[in-house]
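Hi,

Here is the structure I promised to pass on. Have a look at it first, and then read my notes below.

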Amino acid sequence: MFSEIIKRFRNLANPCSFDRYLKDNVIERENISSRISFSVCVERVFSDPHDLDNAAMGRPSIRVAQSKTLKGCVVDAAREGRTMVDTSIMIVDAESTIAALPFQPLVNELQVAFRRGCVAPVRHHHTIERTGEPDATLLLMPAWSNPNEEDQYLGVKLVTVVPGNAARGLPGLTSTYMLYNAIDGRQLALMDGNAITSRRTVATSALAGRFLSREDARSLLVIGAGRVASLIPEAYQAVRPIEKVAIWDINIDNARALAKSLGDRGICAEIVSDLEQAVGRADVVSAATLSTSAIIKGAWIKSGTHIDLIGGFTPKMREADDAALALSRAYVDTREALHEAGDLVQPIETGVVSQDHIQGTLADLANGLIQGRTTAEEVTYFKAVGSALADLAAAKMVYEKIQAGGR
Ligand SMILES: NC(=O)c1ccc[n+]([C@@H]2O[C@H](COP(=O)([O-])OP(=O)(O)OC[C@H]3O[C@@H](n4cnc5c(N)ncnc54)[C@H](O)[C@@H]3O)[C@@H](O)[C@H]2O)c1
């Protein structure tokens with residue numbers, strides 16, 4: 001409804017202020033019951049003078065134009081004669097979150113963020129006991145800007161994991177990102193946490209790929225075909241001249257569905273059944289699965305390949321075997337990976353490699369403290385478990401982009 005109002009306003013033969021237009025025309029015509037509360041809502045939405053200017057010039061407030069949920073709230077509140085308590089928070093749905101995070105700028109943003117660092121306390125896991133179904137979990141991932149930074153943001157990703165939802169036919173994981181001003185604690189925006197997570201995850205891998213894969217890497221093997229894996233080709237194309245994409249998944253239907261959706265997005269991908277051969281041909285092998293046993297074998301990897309492991313996030317999960325790690329120059333997103341990821345925990349525990357085998361973190365690479373790939377022949381290896389730093393960087397990018405009026 002709001003976009004229709006804005007369209008009509010823009011087409012006015014005799015321009016006037018948007019506020020005037022709303023008061024004189026829209027409220028009567030749309031049969032909105034409370035003129036006063038609607039005006040209050042509009043004024044609050046346009047509470048900052050910059051937004052009022054925009055409105056008067058026919059450039060509606062980005063908060064109204066981009067945030068569907070907020071649009072709904074304002075109009076609903078007006079219809080019901082309620083006054084919204086606080087409309088200054090930007091509510092960004094999944095579609096707008098995705099639109100604000102194109103991969104190339106996101107990878108660049110992450111490179112800056114990993115260079116600068118931030119404060120990121122250990123994530124909190126809270127178990128929520130359930131009867132008649134598995135326990136649920138509430139996960140909180142806070143992070144805030146270092147005190148010396150010019151931009152001061154604070155954010156928390158809130159994730160609920162409800163395994164019992166499978167029986168309800170509902171997704172097991174729901175994620176929301178809350179962004180604040182770190183100076184005064186004001187709430188700034190509420191965003192779709194799933195979109196933040198999946199995009200920052202593959203962009204983090206692409207950033208590692210920028211340091212670790214061969215510059216002429218053209219062929220990419222994607223192992224897994226789920227939500228995260230579906231974004232890997234696009235993210236790598238932002239940093240390398242990827243021309244050939246192959247997909248392997250334990251579930252062939254998932255692989256088919258991903259190949260089709262990539263095709264719809266203009267990325268030609270083939271499904272492979274011989275994994276050994278596919279690993280042996282790829283310049284980059286990127287895995288995002290839920291596997292608990294090694295899928296990628298060191299013996300299959302050709303020289304010069306970059307191995308990127310996204311999936312395993314517990315000490316019991318594995319995506320590559322010990323040999324793959326032993327023959328590679330290995331890196332991690334953050335040092336937490338050494339304690340959380342089975343692909344590192346297990347070979348370190350059994351003495352296949354020591355902790356010193358890990359060259360360093362993405363922050364070390366971004367700060368130039370360590371070298372990435374040094375020769376065209378070496379095999380490189382990156383293991384990520386995800387970071388609140390990357391969430392905060394992505395959320396900041398969404399907020400600033402929408403504030404500036406871009407999508
Ligand atoms: N590193 C990070 O920052 C980060 C962030 C988000 C998700 N993840 C992890 O990435 C993984 C994938 O997440 P998702 O949301 O895409 O999940 P998803 O359920 O959407 O997809 C998982 C895919 O992996 C496939 N799969 C499962 N077991 C497999 C196996 N043994 N071999 C090959 N394929 C297998 C499934 O068929 C499915 O296609 C999860 O483990 C998730 O926790 C990591």
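In what order do the 8 strands of the open sheet run? Going across, the order is β9-β8-β7-β10-β11-β14-β12-β13, and the pairing is parallel. At the edges sit β9 (269–271) and β13 (358–361), each with a pairing partner on one side only. From one strand to the next, the twist averages 20 degrees. Keep in mind that this is a predicted model.

If you want to zoom in on one pair, try β7 (residues 219–223) and β10 (residues 284–287), which run parallel and share 4 bridges. There you'll find Leu220 opposite Val284 in β10.

Some helices pack on this sheet too. Helix α10 (residues 193–212) touches β10, β11 (306–309), β12 (329–332) and β14 (380–383), and its direction makes about 160 degrees with that of β11. Helix α12 (residues 252–264) touches β8 (244–248) and β9, making about 165 degrees with the direction of β9.

Now for the ligand. There are 23 residues around it, and the ones that come nearest are Gly226, Val228, Thr289, Ser291 and Gly386. Sorted by class, the shell has 11 nonpolar, 10 polar and 2 charged residues.

Last, have a look at helix α18 (residues 388–403). With 16 residues at 1.5 Å a residue, α18 should span 22 Å, and its end C-alpha atoms are indeed 22 Å apart, so the two agree. Is α18 mostly covered or mostly exposed? Mostly covered: 14 of its 16 residues are buried. After α18 comes Gly405, with a positive phi near 95 degrees.

Cheers

Methods:
Residues are numbered from 1 along each chain as its sequence is written. This is a predicted model: local features need pLDDT of at least 70, side-chain atom pairs count only at pLDDT 80 or more; totals for chains, interfaces and linings use all residues. Two strands pair if DSSP finds at least two bridges between them. Helices (H or I, at least four residues) and strands (E, at least two) are DSSP runs, numbered from the N terminus. Axes are lines fitted to C-alpha atoms, for helices over the stretch in contact, and angles run from 0 to 180 degrees between N-to-C directions. Two residues are in contact if their C-beta atoms, placed from the backbone, lie within 7 Å. A residue is near a molecule or strand if its C-beta atom, placed from the backbone, lies within 6 Å of it. Ala, Val, Leu, Ile, Met, Phe, Trp, Tyr, Cys and Pro count as nonpolar, Asp, Glu, Lys and Arg as charged, and the others, Gly among them, as polar. The expected span of a helix is 1.5 Å times one less than its number of residues. A residue is buried if 20 or more other C-beta atoms lie within 10 Å of its own, exposed if 12 or fewer, and partly exposed in between; C-beta atoms are placed from the backbone.
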